[in-house]
Amino acid sequence: MHLGIIMDGNGRWAVERRLPRAFGHKRGASKVTEIVTACPDLGIKTLTLYAFSTENWTRTAHEVSSLMKLFRGYLQNKFLELVENNVKVVFLGDPSPIARDISSQMKRLELATKDNDGLTLNIALNYGGRDEIVRAAQKFGMDTVADKVIPKDLTTETFERYLDTKGQTNPDLIIRTAGQRRISNFLLWQIAYSELYFTNTTWPDFTIKELQLILSEFNQEERTFGGNKSKTTQIH
Ligand code: IPE
Ligand code: IPE
Ligand code: MG
């Protein structure tokens with residue numbers, strides 16, 4: 001299964017404890033490691049984490065720089081662990097505005113883990129659903145100019161090949177922590193038929209136990225993808 005998480009509430013977690021917001025982000029990063037490690041045992045094949053949105057650049061320069069420092073540290077400290085744990089890391093989003101040392105480390109990690117066949121870990125960094133769709137449209141446009149395709153070749157299936165998630169299944173379930181019931185530009189195309197789960201728990205306080213409870217609730221949900229209910233539950 002493919003699980004997506006909007007990891008929200010780091011700031012509030014810190015403020016509630018009279019700590020700087022950066023401290024909440026640090027806690028959030030440790031939570032990432034905990035959840036990533038638990039995924040294979042929970043039957044999760046793909047995990048997509050929303051780490052930084054295209055809109056998050058509008059935060060204070062201080063907060064943006066502390067987040068970038070955290071990403072830099074994560075890439076340095078977790079590189080070998082991810083390679084050795086058979087995790088395949090894929091970055092979603094536009095890396096071009098990200099500091100060169102960070103974006104080249106992102107590329108190196110993708111390359112070093114590309115043949116791993118355990119958990120696929122998508123990290124959405126400078127990611128926006130609208131931006132991804134526009135970049136995909138631009139790539140398709142370039143292919144028409146290069147005479148590789150004609151406009152009529154564009155279908156919902158072929159369009160998916162231009163998205164950052166190309167070749168992957170769509171998320172089955174999206175969890176957003178910390179109370180807000182919105183999508184905030186996360187995976188707009190891919191969530192067409194995803195189940196959505198909102199919990200009030202902040203991301204640093206989120207636990208594997210809560211994840212297990214959410215997953216067991218999800219497993220009881222019948223997904224019909226626009227069709228009829230399955231025969232067993234249909235009322236004749
Ligand atoms: C989520 O936590 C982390 C990022 C957006 C990078 P927030 O920083 O949004 O935390 P709140 O919503 O202010 O509590
Ligand atoms: C969404 O959270 C982005 C990430 C978790 C990276 P935000 O805190 O940025 O979203 P809003 O402002 O509540 O919509
Ligand atoms: Mg937030």
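**Two ligands and two pockets**

Student: Let's start with ligand 1. Which helix gives the most to the shell around it?

Tutor: That is α1, which contributes three residues to the shell around ligand 1. Keep in mind that we are looking at a predicted model.

Student: Noted! And how many residues surround ligand 1 altogether?

Tutor: There are 13 of them, and the closest are Asp-8, Gly-11, Arg-12, Arg-21 and Arg-59.

Student: What sort of residues are they, by class?

Tutor: Five are charged, five are polar and three are nonpolar.

Student: OK, down to atoms. Which side chain puts an N or O atom 2.6 Å from an oxygen of ligand 1?

Tutor: The side chain of Arg-59 does that. The backbone takes part as well: a polar backbone atom of Arg-12 is 2.7 Å from an oxygen atom of ligand 1, and a backbone N or O atom of Asn-10 lies 3.2 Å from an oxygen of this ligand.

Student: How much of ligand 1 does the protein cover?

Tutor: On its own, ligand 1 has 380 Å² of accessible area, and the protein covers 86% of that.

Student: And where does ligand 1 sit?

Tutor: You will find ligand 1 in the largest pocket. Three elements give two or more residues to the shell around this ligand: α1 (10-16), α2 (21-38) and α3 (61-84).

Student: Switching to ligand 2. Which residues surround that one?

Tutor: Going along the sequence, they are Ile-6, Met-7, Asp-8, Tyr-50, Ala-51, Phe-52, Asn-56, Arg-59, Arg-176, Arg-182 and Ser-184.

Student: Which strand supplies the largest share of the ligand 2 shell?

Tutor: Strand β2, residues 46-53, with three residues. As for chemistry, the shell around ligand 2 holds five nonpolar, four charged and two polar residues.

Student: I spotted Arg-59 in that list. How far is its polar side-chain atom from an oxygen of ligand 2?

Tutor: That distance is 3.2 Å. So you can put Arg-59 on your list for both ligands, since its side chain also has an N or O atom 2.6 Å from an oxygen of ligand 1, and a polar contact is a pair of N or O atoms within 3.5 Å.

Student: Nice. What about Ser-184 and Asp-8, how far are their polar side-chain atoms from a ligand 2 oxygen?

Tutor: For Ser-184 the distance is 2.6 Å, and for Asp-8 it is 3.2 Å. The protein buries 78% of the 390 Å² that ligand 2 exposes when taken alone.

Student: Where does ligand 2 sit, then?

Tutor: Ligand 2 also sits in the largest pocket, where ligand 1 is found.

Student: Tell me about that pocket. How much space is in there?

Tutor: About 720 Å³. Its lining is made of 33 residues, and those nearest the centre are Met-7, Asn-10, Tyr-50, Ala-51 and Phe-52.

Student: Which elements supply at least two residues each to the lining of the largest pocket?

Tutor: Those would be α1, α2, β2, α3 and β4 (120-127). By class, this lining has 17 nonpolar, nine polar and seven charged residues.

Student: Last topic: what is the volume of the second largest pocket?

Tutor: The second largest pocket has about 440 Å³. Its lining counts 19 residues, with Phe-91, Leu-92, Gly-93, Pro-95 and Glu-110 nearest the centre.

Student: And which element gives the most to that lining?

Tutor: α4 does, with six residues. Elements that each supply at least two residues there are β3 (88-92), α4 (100-113) and α5 (129-145).

Student: How do the classes split in the second largest pocket?

Tutor: Its lining has eight charged, six nonpolar and five polar residues.

Conventions: Residues numbered from 1 in each chain as written. Chains lettered and ligands numbered in written order. Predicted model: local features only at pLDDT ≥ 70, side-chain atom pairs only at ≥ 80, totals over all residues. Heavy atoms only, no water. Near = heavy atom within 4 Å. Polar contact = N/O pair within 3.5 Å; in protein donor to acceptor, adjacent residues only side chain to side chain. Areas by Shrake-Rupley, 256 points an atom, 1.4 Å probe, with all protein chains shown as cover. 1 Å grid on protein atoms, 1.4 Å probe; cavity = no way out; pocket = protein on both sides within 12 Å on 5 of 7 lines; lining within 4 Å. Sits in = over half its atoms within 2 Å of the grid points. Helix = DSSP H or I, 4+ residues; strand = E, 2+ residues; numbered from the N terminus. Nonpolar A, V, L, I, M, F, W, Y, C, P; charged D, E, K, R; others polar. Points joined across faces, edges and corners; volume = space filled by probe spheres on them.
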